[in-house]
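Let's take a friendly walk through a protein model. Have the sequence and the 3D view open as you read.

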Amino acid sequence: MTMTAEQQATPLYANTGFGPQLAVLEVGLTDRVAVVEPESAFWALVERTALNQALAGSLLEDLREQAQAFREEMRVLRFGLKPSAAYFNPTERCNFNCSYCYLPEAMRRDGKTMEPEELCTALETLADYFARVLPDGDKPQLIFHGSEPMVAREAVFAGIDRFRDRFHFGVQTNATLLDAEAIEFLTSRGVGIGISLDAPTAALADRTRKNWAGTGAFDRVVEVLDRLAAYPAFNVITTVTSVNVDTLTEMVDFYHDHGVGVVMFNPVRCTRSGGQELKPANERLAEQFLKALDHTYELYQKTGRKLVVANFANVLAGIVAPTGRRLMCDISPCGGGRCFFAVSAHGDVFPCSEFIGFQEFSGGNLYREPLERILATEPFVQVTSRRTETIEPCARCAIQHFCGAPCPAEVKAVAGTMNAPSPYCGFYEEQVRHAFRVIAAGREDAYLWSGWDQETEETFRRIV
Amino acid sequence: MKKSQSILSYRRRCRRLGQGTGLSHYILLTPKAEK
C-alpha cells in the first residue's frame, strides 16, 4: 500500500488531511454536543468530555467502516428514486378564498373543473405511466388536491371507483363539502383524508380560512373532524401563520381532545404575497412549535395516546433513518418532479402543486405528451437538480440533509432564484436541534408515527 | 443518577425504500385504510 492510500484508508483525525469533515453542533444540552458528517448524514451525540473520541478516536473508525454504505444510501435517496405519486387537481375552483393560498385568485374563482371522463382519461395515462416505471406490485399514490377537489366531486368519485385497484387514493380538502354521503363513500373505500383547520376557535380559525363572502366554516369543519377522528387514514393540516402561531399548544390540546392522531403544523408557504404577509417570525415560530411538541409528549405520557406532528416526525426520521422519511420536502433535491409531480385541471404537469400558479413551470400536458418526456423538460430539471451543495450557506451547513432548504417554489418567489436558502432556515435549525434532544432523551418513539420501527431496520449502533 | 452515554449513534434504513417514501404531504404517514 502506498503512503497516500494508507492515509486515505486510515485517517487519524477528523477535519484535516484525508480525515472526514465532522461538524460539532450545539444542540442545547449541557453535557453533550452532536457531531455530524454532512455528506453521509452520519451523526453521534457525544459527551463534551469525550469529544476526543469523535474527532480522533473510536467514532472515526465507525465512520470509516460505515461511510461508504451511508453515502450510497443518501445517493439512492437523493438521486435514485422513481416517481411514485401524483397530486391531482381535478378543478381550479375553490369555494373558499383563504388569505395565504398559493394558487392565483382568478384561477380559484372562475377556473376549469374536469368532467368525469376527462379525469378518468388522465388517471388511465397516469396509471399506465406508473406501471411502466414502478416495480411490479407497487401501487402508486394519487392525491386529489386543490383548489378544492370536492368541487369536482362527481369526477373524483368516478375516478376512485374506476381506478381503486391501481392507486392508493387520498383527498386533501377544506372539509366544508364533506357531507355524510361523501364521508361514507371515501371511508368505505379506504381513501386517505386530510382536512385543514388553523385554530381552536372560530374567531381565529375563520380569520384566514373563509369563503368568497368572507365567512368561515369552523363549526362545520369540527363536525367533520369529529366524524373522522377515529378513521385510521385521517389527518389534519394546520397552516401556521403570524395569526395563529401563539395557539399551537392549544391546538395540540384541541386535537388530542378530539381524538386526532396525526397533524401537520406547516409554516405558511411564502409562494404568494398573501403567504408572505402572514409569515411568522422564525424565532417565534420555533419557540411556539417546540412548546407544542413538548406538550404532545406530556399528553402521551399522561394518556398513552399519541398526537404525531408529522412534519417534525419527518425531520426526526431524517436523522435516525434517512431513507425512512416519508415526506420529501426536507431533503435536497426535494421530491418535486422526481418522487411526485402535480397535474392541473387542464392536464398540465408541474413538479409540485406549489408551482401550479406558475405556468412557466409546466413541463407539458399529459393529454398530449408522454410523461417520461414531460418529466425530463427544463422546468422539471430546474427543480430536480436543485441541491444544497450549490446554495450558500447551505453548502457549508452541517444539517443540510436534515433540512433540504425547502421549498424551491417558495424560495424562488421570495429570493428571485431557487439557489437561496429557505425563508424558514432558522426554524429548521431549531427543529433539528430539538430532534437531537429527543434522541438524547431516548424519546423517539413518542414523536414518530406508529409502525416506523417496523418499516425500518437498524444498520448501525454505537453506544459507549 | 443514571450517567448519560459518552457516545450515542445509530442508523436505521427503510425496508422498502421507494415504496411509501415520497410525498410532500402527510397521507403516507397514516396507515392504509384499504381493505
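A residue is called buried if 20 or more other C-beta atoms lie within 10 Å of its own, and exposed if 12 or fewer do. Keep in mind that this is a predicted model. By that cut-off, 51% of the 35 residues of chain B count as buried. Chain B has one strand and zero helices.

**The sheet in chain A**

Strands of a sheet pair through backbone hydrogen bonds, and the pairing can be parallel or antiparallel. In chain A, ten strands form an open sheet with mixed pairing, in the order β10-β9-β8-β7-β6-β5-β4-β11-β12-β13. Which strands are the edge strands? They are β10 (308–309) and β13 (364–365) of chain A, each of which pairs on one side only.

Within this sheet, look for strand β4 (residues 85–88) and strand β5 (residues 141–144) of chain A, which run parallel and are joined by four bridges. A:Phe88 stands opposite A:Phe144, a residue of β5(A).

**Two helices**

Helix α3 of chain A covers residues 58–79 and holds A:Phe79. Is A:Phe79 buried or exposed? A:Phe79 is exposed, because 12 other C-beta atoms lie within 10 Å. A:Phe79 and A:Thr384 are 305 residues apart along the chain, yet their C-alpha atoms are separated by 8.7 Å.

Now find helix α18 (residues 425–440) of chain A. At 1.5 Å a residue, its 16 residues should span 22 Å, and its end C-alpha atoms are 23 Å apart, which agrees. Its buried residues include A:Phe427, A:Tyr428, A:His434 and A:Ile439. After α18(A) comes A:Gly442, with a positive phi near 70 degrees.

**Unusual backbone angles**

Most peptide bonds are trans, and most residues other than glycine have a negative phi. The table lists some exceptions in chain A.

| Place | Feature | Angle |
|---|---|---|
| A:Ser332 to A:Pro333 | cis peptide bond | omega about -10 degrees |
| A:Glu392 to A:Pro393 | cis peptide bond | omega near 5 degrees |
| A:Ala41 | positive phi | phi near 60 degrees |
| A:Ala175 | positive phi | phi near 80 degrees |

Where do these residues sit? A:Pro333 is in the loop between α13 (310–320) and β11 (340–343) of chain A, while A:Pro393 lies in the loop between α15 (378–384) and α16 (400–403) of chain A.

A:Ala41 belongs to the loop between β2 (32–37) and β3 (42–47) of chain A, and A:Ala41 counts as buried because it has 23 C-beta neighbours inside 10 Å. A:Ala175 is in the loop between β6 (168–173) and α7 (180–188) of chain A. With 25 other C-beta atoms within 10 Å, A:Ala175 is buried.

How values were computed. Residues are numbered from 1 along each chain as its sequence is written. Chains are lettered from A and ligands numbered from 1 in the order in which they are written. This is a predicted model: local features need pLDDT of at least 70, side-chain atom pairs count only at pLDDT 80 or more; totals for chains, interfaces and linings use all residues. The expected span of a helix is 1.5 Å times one less than its number of residues. Two strands pair if DSSP finds at least two bridges between them.
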